Amino acid sequence: MTRVVLSIGSNLGDRLARLQSVLDRLGPTVLSVSPVYETAAWGGVEQGPFLNAVLIAEEATLDAHGWLRRAQEMEQAADRVRGQRWGPRTLDVDLISGYDDGTELFSRDNGLTLPHPLAHLRAFVLVPWLAIDPDAELTVTGQRRLVAKLLAELDPADRAGVRKTELTLHPSGS
């Protein structure tokens, strides 16, 4: 059984509806979903703020590449255009980490890098992740690290820039 941590974000159009579309498409595979946060864009490209959330999902029939295909299908359904790196987007669905029967998955091939190589630098991933899994760990440069410690190592301004909203996402059937 494969469990994944997904980071979802949107800064174009109906941002909340775009995030909700991920939960709707994943249905009962979603185990946990974080609160919704608003953050400034990351990566140095001038653009509007993002809504971000993290979810944990599990599906017995998908491996890591299957999750990648599903993430890309959700982005395509939201009319995602891959143009400028770190540019504005209708929907971004990133695989942060994956586990097969509790064993962390590692990948460096076929367009899939797991764990996500930049997740430990992104407060907009770490803050929501901790909201649903306070004991979360992430392998960074070969070492398992507590996500809480990785977050503490980030610039305080980056952490402060991740602002919890009153918006909520609802797993399918809620």
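With which side chain does the side chain of H170 make a polar contact? In this predicted model, the partner is the side chain of T168, at 3.2 Å. H170 is placed in the segment that follows strand β11 (163-164). With a relative accessible area of 40%, H170 falls between the limits for buried and exposed residues, and is therefore classed as partly exposed. When residues up to four places away in sequence are not counted, H170 touches Q20, L23 and D24. The C-alpha atoms of H170 and A53 are separated by 12 Å, the two residues being 117 residues apart along the chain.

The nonpolar interior was examined next. The largest nonpolar core comprises 27 residues, of which I8 and L55 touch the most other members. At least two residues of this core are supplied by each of β1 (2-10), α1 (15-26), β2 (30-33), β4 (50-59), α2 (64-77), β5 (92-100) and β8 (112-114). Helix α2 gives the most, contributing five residues. The contacts of L55, not counting residues up to four places away in sequence, are with V4, V5, L6, I8, V22, L23, L26, V30, S32, V33 and I132. Another core, of 23 residues, lies apart from the largest one and has V5, V54, F124 and L154 among its members. In soluble globular proteins, nonpolar side chains tend to be buried together.

Helix α3 (residues 123-132) is largely enclosed by the rest of the structure, because nine of its 10 residues are buried. The buried positions are A123, F124, V125, L126, V127, P128, W129, L130 and I132. Of these residues of α3, F124 is a member of the 23-residue core, while I132 is in contact with L55.

Aromatic rings were also considered. A pair of aromatic rings is described by the distance of the centres and the angle of the planes. With a limit of 6.5 Å between ring centres, the count of aromatic pairs comes to zero. An arrangement of a charge over a ring is nevertheless present: R70 lies over the face of W67, at 5.6 Å from the ring centre.

Finally, strands β9 (residues 137-140) and β10 (residues 143-146) pair in the antiparallel sense over four bridges. Within this pairing, E137 has L146 of β10 as its bridge partner. Two residues lie between the strands of the hairpin, where T141 takes a positive phi near 45°.

Notes. Residues are numbered from 1 along each chain as its sequence is written. This is a predicted model: local features need pLDDT of at least 70, side-chain atom pairs count only at pLDDT 80 or more; totals for chains, interfaces and linings use all residues. Side-chain values use heavy atoms; hydrogens and water are left out. Two strands pair if DSSP finds at least two bridges between them. Buried means under 20% relative accessible area, exposed over 50%, partly exposed in between (1.4 Å probe, protein chains only). Contact means heavy atoms within 4.5 Å. A polar contact is a pair of N or O atoms within 3.5 Å; within protein, one must be able to donate a hydrogen and the other to accept it, and residues adjacent in sequence count only if both atoms are side-chain atoms. A nonpolar core is a set of buried Ala, Val, Leu, Ile, Met, Phe, Trp, Tyr and Cys residues joined through side-chain atoms within 4.5 Å. Rings of Phe, Tyr and Trp (its six-membered ring) pair if their centres lie within 6.5 Å; planes under 30 degrees apart count as stacked, over 60 as edge-to-face and the rest as tilted. A charge sits over a ring if NZ of Lys or CZ of Arg is within 6 Å of the ring centre and within 35 degrees of the ring normal.
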